Amino acid sequence: VLRTPKRLESEQGELIQVATMQKGSLFGEFAALGINETRNATIQSDQLSMMWNISKEQILEKLIEFPEARANFSATVLHRLEPLVIPKILGLSIFANFSERFRKM
């Protein structure tokens, strides 16, 4: 179970579930690639789970070695980055006076 960090706590102070991880799921890819300095979520398992802690160097080595894994990893990263990038770009002061029509393109 993937739960968000403290900023998305319920009124009772409980973490809010935002996703459910399946066998083979990955997390921590932004931190591993250096996109984020800290983690974005708290992972809590409701059953016995096996996880691996893989360094950035190990990830990059394996992504070169296994092209299919590289394609899956890239697709996951792009999917997770997309909703974060557009609001950040539109929040830049250079776009402040652009029309609403442009901002919704």
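**A buried glutamate and the helices around it**

Glu 29 is buried, with a relative accessible area of 5%; the cut-off for that word is under 20%. Keep in mind as we go that this is a predicted model. Glu 29 belongs to helix α1, and its side chain is joined to that of Arg 80 by a polar contact of 2.8 Å. If you set aside neighbours within four places in sequence, Glu 29 is in contact with Phe 73, Val 77 and Arg 80.

Two of those partners, Phe 73 and Val 77, lead us to the largest nonpolar core. That core has six residues, and alongside Phe 73 and Val 77 you will find Phe 30, Ala 32, Ile 59 and Leu 63. Helices α1 (29–33), α2 and α3 are the elements that give two or more residues to this core. In soluble globular proteins, nonpolar side chains tend to be buried together.

Now let us look at how two of these helices meet. The axes of α2 (residues 56–65) and α3 (residues 67–90) come within 5 Å and cross at roughly 120°, so the pair counts as oblique. From α2, the contact is made by Ile 59, Leu 63, Ile 64 and Glu 65, while α3 brings Pro 67, Ala 69, Arg 70 and Phe 73. Sorted by class, this contact has six nonpolar residues, two charged ones and no polar ones.

Leu 63 is a good residue to click on here. Not counting residues up to four places away in sequence, Leu 63 touches Ala 69, Arg 70 and Phe 73. Phe 73, in turn, takes us back to the start, as it is also in contact with Glu 29.

Definitions and conventions: Residues are numbered from 1 along each chain as its sequence is written. This is a predicted model: local features need pLDDT of at least 70, side-chain atom pairs count only at pLDDT 80 or more; totals for chains, interfaces and linings use all residues. Side-chain values use heavy atoms; hydrogens and water are left out. Axes are lines fitted to C-alpha atoms, for helices over the stretch in contact, and angles run from 0 to 180 degrees between N-to-C directions. Helices (H or I, at least four residues) and strands (E, at least two) are DSSP runs, numbered from the N terminus. Angles under 35 degrees count as roughly parallel, over 145 as roughly antiparallel, 65 to 115 as roughly perpendicular and the rest as oblique. Contact means heavy atoms within 4.5 Å. Ala, Val, Leu, Ile, Met, Phe, Trp, Tyr, Cys and Pro count as nonpolar, Asp, Glu, Lys and Arg as charged, and the others, Gly among them, as polar. A nonpolar core is a set of buried Ala, Val, Leu, Ile, Met, Phe, Trp, Tyr and Cys residues joined through side-chain atoms within 4.5 Å. Buried means under 20% relative accessible area, exposed over 50%, partly exposed in between (1.4 Å probe, protein chains only). A polar contact is a pair of N or O atoms within 3.5 Å; within protein, one must be able to donate a hydrogen and the other to accept it, and residues adjacent in sequence count only if both atoms are side-chain atoms.
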